[in-house]
Amino acid sequence: KGKTEPRDFLHISDFDKATILKILDRAKEVKALIKSGDRSYLPFKGKTMAMIFAKPSMRTRVSFETGFFLLGGHALYLGPDDIQMGKREETRDVARVLSRYNDVIMARLFAHQDILDLAKYATVPVINGLTDYNHPCQIMADALTIIEHIGQLEGTKVVYVGDGNNIVHSWLLLASVIPFHFVCTCPKDFEPDQKTVEKARRAGISKIEITNDPKEAVRGADVVYSDVWASMGQKEEASYRRQVFQGFQVDKALMQLAGPKAYFMHCLPAERGVEVTDEVIEAPNSIVFPQAENRMHAQNAIMLHALGL
Ligand code: CP
Ligand code: NVA
């Protein structure tokens, strides 16, 4: 791709603070334009995007496809049975063929190495729509949502309750770029990847805590954040995990311990009654739907950045 600045969007920590904040500012700007009903801004006119999905999706698929269309472009959905990357065809071949048709590639895959390979061989920007390791577009949307509701991300306390999964890794990578207080509270042996925790701590930007005590962790939180206990690809462990994760459900009592200023966030899809109660998701301080909406606006800005527009 031959540019000094990375045009792929694979990990938040591939960018400096100024770039991340610039993308978030751009997201706000383009969001305001789209919400005003103005349809005259068409920077993606004449451009196409290939979207590869090895896993199911609602938000990622609909927000990318809709956002790219609203800004003038055309997106192609390639489901799990279409490309079968690594099975029907090698990743490096997929990368080079799609690069000859499309201006940008978005992919949701299992192994993180697959998106690294895709980016390595593609000659157009590659955007990570979730892997087993991380979910950078989600956490960009979450940062935008926090900025909108609290005024800024810097200095806030974000407490993630549950499995130390791909969502947590992206929070940690954001915390290695922008200063805030990030706490992950999870059952023992479900901690996030140790190397990623060390990377975030070594960056020396944010206060990072990994604990096994949810009640203590949530005190004074600005945001209590939850995700499914069994991610895509782990669904056969769901009933085992339900036992191990007892005590990590975000319920009214836990939100009360967090305190009155705490918002509730969840990347969705949620299993109501499992990692979060119905009551908490439906409460006035739950911002899960503005958060879901912001996927589209954050990603529009990520795509504009990736395409150098
Ligand atoms: N949050 C999120 O990525 O949702 P989907 O799995 O529906 O895309
Ligand atoms: N951790 C979840 C996130 C879904 C958006 C998963 O990987 O299934």
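# Briefing: two ligand sites, two cores and selected residues

In this structure a nitrogen atom of ligand 2 is 2.7 Å from an N or O atom in the side chain of Ser231. The model is predicted, and the distances, angles and areas below are computed from its atoms. The points that follow take up the surroundings of ligand 2 and of ligand 1, then some loop residues with particular backbone geometry, the nonpolar cores, the domains that UniProt records, and finally two individual residues, Ser63 and Lys252.

**Ligand 2**

- Besides the contact with Ser231, ligand 2 has a nitrogen atom that lies 3.3 Å from a polar side-chain atom of Asn165, and one of its oxygen atoms is 2.8 Å from a polar backbone atom of Met232.
- On its own ligand 2 has 270 Å² of accessible area, and the protein covers 95% of this.
- The residues that surround ligand 2 are Leu130, His135, Asn165, Asn166, Asp227, Val228, Ser231, Met232 and Leu268.

**Ligand 1**

- Ligand 1 is surrounded by Ser57, Met58, Arg59, Thr60, Arg108, His135, Gln138, Cys267, Leu268 and Arg295, so that His135 and Leu268 appear both here and in the list for ligand 2.
- A polar backbone atom of Met58 is 2.6 Å from an oxygen atom of ligand 1, while the side chain of Thr60 places a polar atom 2.7 Å from an oxygen atom of ligand 1.
- A nitrogen atom of ligand 1 lies 2.9 Å from a polar side-chain atom of Gln138.
- Of the 260 Å² of accessible area that ligand 1 has on its own, the protein covers 96%.

**Loop residues with particular backbone geometry**

- Leu268, which is among the residues around ligand 1 and also among those around ligand 2, lies in the loop between strand E9 and helix H11 and has a positive phi of about 65° although it is not a glycine.
- Leu268 counts as buried because its relative accessible area is 12%, which is under the 20% limit.
- The peptide bond that joins Leu268 and Pro269 is cis, with omega about 5°, and Pro269 is likewise found in the loop between strand E9 (263–266) and helix H11 (278–282).
- Leu130, one of the residues that surround ligand 2, has a positive phi of about 115° and is not a glycine either; its place is in the loop between strand E4 (126–128) and H5.
- With a relative accessibility of 6%, Leu130 also counts as buried.

**Nonpolar cores**

- The largest nonpolar core has 60 residues, and the members that touch the most other members are Ile127, Trp171, Leu174 and Phe182; helix H5 (residues 136–150) gives the most to this core, with eight residues.
- Leaving aside residues up to four places away in sequence, Ile127 touches Phe9, Phe64, Val104, Ile105, Met106, Ala107, Ile115, Cys137, Ile302, Met303 and Ala306.
- A second core, separate from this one, has 24 residues, including Trp229, Phe248, Val250 and Ala262.

**Domains recorded in UniProt**

- An unreviewed UniProt entry places "domain: Aspartate/ornithine carbamoyltransferase carbamoyl-P binding" at residues 7–148; in the model this span is 46% helix and 13% strand, and its end C-alpha atoms lie 26 Å apart.
- UniProt, again in an unreviewed entry, places "domain: Aspartate/ornithine carbamoyltransferase Asp/Orn-binding" at residues 154–305; over these residues the chain is 40% helix and 15% strand, with 22 Å between the end C-alpha atoms.

**Ser63 and Lys252**

- Ser63 is found in helix H2 (residues 59–70) and counts as buried because its relative accessibility is 9%.
- The side chain of Ser63 reaches the backbone oxygen of Thr60 at 3.5 Å, and a polar contact of 3.0 Å joins it to the side chain of Gln299.
- Not counting residues up to four places away in sequence, Ser63 touches Arg295, Met296 and Gln299; of these, Arg295 is also among the residues that surround ligand 1.
- Lys252 is in helix H10 (residues 252–258) and, at 45% relative accessibility, counts as partly exposed.
- Beyond residues up to four places away in sequence, Lys252 touches Thr277, Glu279 and Val280, whereas its C-alpha atom is separated by 43 Å from that of Gln84, 168 residues apart along the chain.

Definitions and conventions:
Residues numbered from 1 in each chain as written. Chains lettered and ligands numbered in written order. Predicted model: local features only at pLDDT ≥ 70, side-chain atom pairs only at ≥ 80, totals over all residues. Heavy atoms only, no water. Core = buried A, V, L, I, M, F, W, Y, C linked by side-chain atoms within 4.5 Å. Buried < 20%, exposed > 50% of the residue type's maximum accessible area, 1.4 Å probe, protein only. Helix = DSSP H or I, 4+ residues; strand = E, 2+ residues; numbered from the N terminus. Contact = heavy atoms within 4.5 Å. Near = heavy atom within 4 Å. Polar contact = N/O pair within 3.5 Å; in protein donor to acceptor, adjacent residues only side chain to side chain. Areas by Shrake-Rupley, 256 points an atom, 1.4 Å probe, with all protein chains shown as cover. UniProt positions renumbered as here; feature names shortened; annotations may be inferred.
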